[in-house]
Amino acid sequence: MNTSAEINQRGTEYEVLSPWAEADPVPLRGIAPRPADLAGKTIGLFSNRKRAAVLTLGAVERELLEKFPGARTSWYESTTVNTPEMLTEGKAKFEAWVASVDAVVLSVAD
Amino acid sequence: MTDGRSAASNKGMPLVRIVQETVPCECNVKEDADAGIRSAMARIIEALTKPLSAEEQAPKRKERGTPSRIVFKGQLEEFDRFFYKRGWGDGLPLRPPTESAVREMLAGTDLEPAHVVGKIVPRNGKATVEKIAVNAVMAGALPTHMPILIACVEALADPRAHLGAYGTSTGSWMPFWIVNGPVRNDARVNCGSGAMSPGDIANAAIGRTMGLIVKNIGGARKAIEDMGVYGNPGKYSCVAGENEEMSPWEPLHVEQGLARDESAVTLFFPNCYSQIWQYGSDDKGILATLIYNLPPGRSGLTCLLMTPTQAKTLAQKGWTKAMIRKYVYEYGRVPAYRHPSSYDGGGWTGRNPETVPPNAMDSAAIVPSPDHIRVLVLGGPGAFMGLACGGGLPGGQFVTKKISLPSGWTKLVAKYKTLVPAYERY
């Protein structure tokens, strides 16, 4: 430990270690290609089970259906409130749902 | 916005398209949600349809170079400001983690400095023994605190503690560290009067170290990843030992499955800690204090704090910890209309509908089960009781980790045993 004398002595220089931890780099992924137009497309609405999710996604749904003729929506509710869906028992269902939609809106709803 | 960007980056998708809207947080008013989404709709549609840039298709990692182990050389005040400006501090002065100071801190463990005790979310930073020691030195901890700190890190890394949620939540949850077993006395963790006040190195520095670890190893920085609305002074330190010597019951770590002669730390995340004047000094008055002061808006892990005197009064009347847990679960109730689960203005979609009685005037239990409750005996003389109320995430538990002591522990304890305040009378 630094002794009191060491700390109080004017002019003492300290060579200090970093407290910031290393982390393994996470493989980076691009985002999914976008449809040029949402008309006639199936748009996924992902709810993370937070209080505002259904309300905000409902508002998104109404706006999208009004603006894009023939567009459809498909809802998905996460298995838990705070775990990435791919790490839950809902993984297979989630992957099938993602494959069935053309675009996704997720409401953080916090 | 910043927390969303940081969360996406941590998952390897730094360029997820995020649209910020003006809907109030956790909104349950349809008109507000509609207005907020309407004003953001053009940007939402653009995010859904605008062709991807080359970087969005294949994001590139920012090269940061190999991080230096030695990060600064200079005088005390310069060091303090250097760390503060990099966001590595907590606002209070830090002790310089020099090579020699860290080496001495490492006397508190037999583990190798490079040993990874756990990875701490959200950044999944590697909590090596050396990084734990560096942050411990900064916080003013002693080598006798290292075994406790290592167990604390193991608890943080345990998914049942839900650090990923509580450490960054708008709810400003604070880690409450409860120390049990012989290590309390060796490390001088206060279990008596004012245990949760400042003034004891162990209670202050263990919690402070863990706060720095959450930030510097876990990467939960205020208003970037840690989105606590009000914040919480308990994030500086909330550490107490159980007053086992004066308790009539088995200590917490024994309830959690360890042997009495073992040492352990238990973690859970309350976001409040309140003290209530006891209704009476008899068993009925003590229990009434608890059941009538549970806040119905919590419904999660709950720790009942009582003094040795209150515990002895209950024990003399035949109450055990298990009986108290069951009693408080059973009778800590509110009319259903006061319970958040039955609030018809929105409600938590994650809450269990089976807990909502059919009639709003029927009563509903505040805490989901007796297993969500623990009884902790601590503190000094006085007529107050304590309630530390935590969150109710599914699967969340009081997480207990055994503390392993290093070789040469007795000698290490002896080295610091005289480091106690000697208050002069005035």
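A good place to start is chain A, where A:Gly44 sits opposite A:Ser74 of strand 3. The model discussed here is a predicted one. The two residues belong to a parallel pairing: strand 2 (residues 42-47) of chain A runs alongside strand 3 (residues 72-77) of chain A, and six bridges hold the register between them. Between these strands in the sequence comes helix 2 (residues 53-67) of chain A, and strand 2, helix 2 and strand 3 of chain A together make up a right-handed β-α-β unit. Strand 2 of chain A has another partner as well, since it also runs parallel to strand 4 (residues 103-107) of chain A, this time over five bridges. Here A:Ile43 has A:Ala103 of strand 4 of chain A as its bridge partner.

Next comes the meeting of the two chains. On one side 47 residues of chain A take part, and on the other 74 residues of chain B, as counted by contact. Strand 1 (14-17), helix 2 and strand 4 of chain A are the elements that give two or more residues to the chain A side. Of these, helix 2 of chain A supplies the largest share, with five residues. Sorted by class, the chain A side comes out as 27 nonpolar, eight polar and twelve charged residues. Helix 2 of chain A thus turns up twice in this picture, once in the β-α-β unit and once on the side that touches chain B.

The chains also share strand pairing. Strand 1 of chain A lines up with strand 1 (residues 70-74) of chain B in the antiparallel sense, with four bridges between them. One of the residues involved is A:Leu17, whose bridge partner in strand 1 of chain B is B:Ile70.

Within chain B, a pair of helices is worth a look. Helix 7 (residues 146-157) of chain B packs against helix 10 (residues 201-216) of chain B at an angle of about 45 degrees, and the axes lie 10 Å apart. Because of that angle, helix 7 of chain B counts as oblique to helix 10 of chain B. Their crossing is right-handed. Helix 7 of chain B brings B:Ile148, B:Leu149, B:Cys152 and B:Val153 to the contact, while helix 10 of chain B brings B:Ile206, B:Thr209, B:Met210 and B:Ile213. Seven of the contact residues are nonpolar and one is polar, with no charged residues.

Chain B also has an open sheet of four strands in the order 7-12-8-11, with mixed pairing. Strand 7 (270-277) and strand 11 (373-377) of chain B are the edges, each pairing on one side only. On average, neighbouring strands are turned by 20 degrees against each other, direction ignored. Further in, strand 8 (residues 302-306) and strand 12 (residues 384-390) of chain B run antiparallel, joined by four bridges. B:Leu305 faces B:Gly386 of strand 12 of chain B in this pairing. Helix 12 (residues 283-291) of chain B packs on the sheet and touches strands 7, 8 and 12 of chain B, its direction making about 30 degrees with that of strand 12 of chain B.

Two loops of chain B show backbone details of their own. The peptide bond from B:Val121 to B:Pro122 is cis, with omega near 5 degrees, and B:Pro122 lies in the loop between strand 2 (116-120) and strand 3 (125-128) of chain B. B:Ser172 has a positive phi of about 55 degrees, although it is not a glycine. The loop that holds B:Ser172 runs between helix 8 (163-166) and strand 4 (176-180) of chain B.

Conventions. Residues numbered from 1 in each chain as written. Chains lettered and ligands numbered in written order. Predicted model: local features only at pLDDT ≥ 70, side-chain atom pairs only at ≥ 80, totals over all residues. Axes fitted to C-alpha atoms, helices over the stretch in contact; angles between N-to-C directions. Parallel < 35°, antiparallel > 145°, perpendicular 65-115°, else oblique. Left-handed = near helix turned anticlockwise from the far one by under 90°. Contact = placed C-beta atoms within 7 Å. Nonpolar A, V, L, I, M, F, W, Y, C, P; charged D, E, K, R; others polar. Pairing = 2+ DSSP bridges. Right-handed = clockwise from strand over helix to strand, strands pointing away.
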